[in-house]
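Dear colleague,

I am handing over the structure below, and my notes on it follow. Please read them alongside the coordinates and tell me where you would like more detail.

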Amino acid sequence: MEGTYNMSTHNHGDIEKITGQYVHVDIGGTDHRVYYEESGPKDGQPLLCQHTAGCNNQEWRHLLTDDELTEDYRIIAYDLPFHGKSVPPKSQDWWTEDYTLTAEQFMETIVGIADAIGLDDPIFMGSSMGGNITLELGDFHPDRFRALIGLETGARSPGFYIDWLDHAQVNTTEVNAYSCWGLMAKQSPEDARRETMYLYEQGATGVFKGDLYYYSVDHDYRDKLDDINADECPLYVVNGEYDYLTDPEMGQDVADGVGEGAIAIEMADIGHFPMSENPELFNAYIKEILADIENDRDGSLPDVLTADAVGVEV
């Protein structure tokens, strides 16, 4: 459906039920001041949300304002260090070296944030690099999470750690944004796709490239999928039909390699940035997956979630 998406309408003076604050997190012996936003009851089931490479927690803003979800879920979306409002640590001369995200650092950051906020048995959901890290979390930290939801997940995503993503002769702000445009579904509302691009224009120089070190270099689970214990911590591999980086077939390969406890699901009519490019459709899809985690579905999840099945027009 071209044009606008029909989320909640607002009146002058309305205040959204999102709160933002900072928590101090020890990562590798360094204190990081991490910004996060949350919505929903404090005693609700925690749902911890990780943004895509080079972006920030604003990608999740429509999930945080979903009235149905925030009745039962405490939804938390954070900015990784160096992203959004989580500025670099004051105790380091961080400007003297390139920002480079590794799998070990990524895992330590996510677990550290969950521990620092005091989350009990959270569901973790991440997209793109945040989807890929569900494999490492399921391998090394299955006891820390109730379930893992990997959006746009692959066992390996090579080819994107590129020098010109941080080059003095390249307008990286514009390049980073337009590199995302073609990854979104043509059906997704244009204003939502434009907002997704706008979020990518806000990243600091070198951060997108630094995240892609993890995404394209350090992450490779092709020969380690059977190390993941999805019996202990269920893994949902959820890829969009229009995502050519990590297509649904790649998601199925991940689930097949992990085995028992891993489920692959295709999201029809959506691309690589589901939560921000088409929030109405994504929110409807994710409710089906959360219902499965809660054992609140009649029957198993379908192999393909469609807009018709969840009552959303595209």
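**Notes on the model**

Leaving aside its neighbours within four places in sequence, N56 is in contact with H51, D79, G84, L199 and Q202. Please keep in mind throughout that this is a predicted model. N56 belongs to the loop that runs between strand 3 (45–50) and helix 1 (61–64), and with a relative accessible area of 5% N56 is buried, the cut-off being under 20%. Of the contacts listed for N56, which include D79, the pair N56 and D79 is separated by 23 residues in sequence, while their C-alpha atoms are 5.3 Å apart in space.

Turning to the interior, the largest nonpolar core has 58 residues, and those that touch the most other members are L48, Y78, I110, F124 and L137. Helix 3 (residues 103–117) supplies the largest share of this core, namely eight residues. Apart from this core lies another, of 33 residues, which has L63, L64, M125 and Y236 among its members. If residues up to four places away in sequence are not counted, F124 touches L48, Q50, Y78, I110, G130, I133, T134, L137, F145, A147, L148 and I149.

Several of the residues that F124 touches, including G130, I133, T134 and L137, also appear among the buried residues of helix 4, which are M129, G130, G131, N132, I133, T134, L135, E136, L137 and G138. Because ten of the twelve residues of helix 4 are buried, this helix is largely enclosed by the rest of the structure. Its length is also as expected: at 1.5 Å a residue, the twelve residues of helix 4 (residues 129–140) should span 16 Å, and the end C-alpha atoms are 17 Å apart, which agrees.

Finally, what empty space is enclosed? A search of the whole structure finds three cavities of 30 Å³ or more, and the largest cavity has a volume of about 90 Å³. The lining of the largest cavity is made up of G54, L165, T172, T173, N176, Y200, G203, A204, T205, G206, V207 and F208. The elements that give two or more residues to this lining are helix 5 (172–181) and helix 7 (207–218), and helix 5 provides the largest share, three residues. Sorted by class, the lining of the largest cavity holds five nonpolar and seven polar residues, with no charged residues.

With best regards

Conventions
Residues numbered from 1 in each chain as written. Predicted model: local features only at pLDDT ≥ 70, side-chain atom pairs only at ≥ 80, totals over all residues. Heavy atoms only, no water. 1 Å grid on protein atoms, 1.4 Å probe; cavity = no way out; pocket = protein on both sides within 12 Å on 5 of 7 lines; lining within 4 Å. Points joined across faces, edges and corners; volume = space filled by probe spheres on them. Helix = DSSP H or I, 4+ residues; strand = E, 2+ residues; numbered from the N terminus. Nonpolar A, V, L, I, M, F, W, Y, C, P; charged D, E, K, R; others polar. Expected span 1.5 Å × (residues − 1). Buried < 20%, exposed > 50% of the residue type's maximum accessible area, 1.4 Å probe, protein only. Core = buried A, V, L, I, M, F, W, Y, C linked by side-chain atoms within 4.5 Å. Contact = heavy atoms within 4.5 Å.
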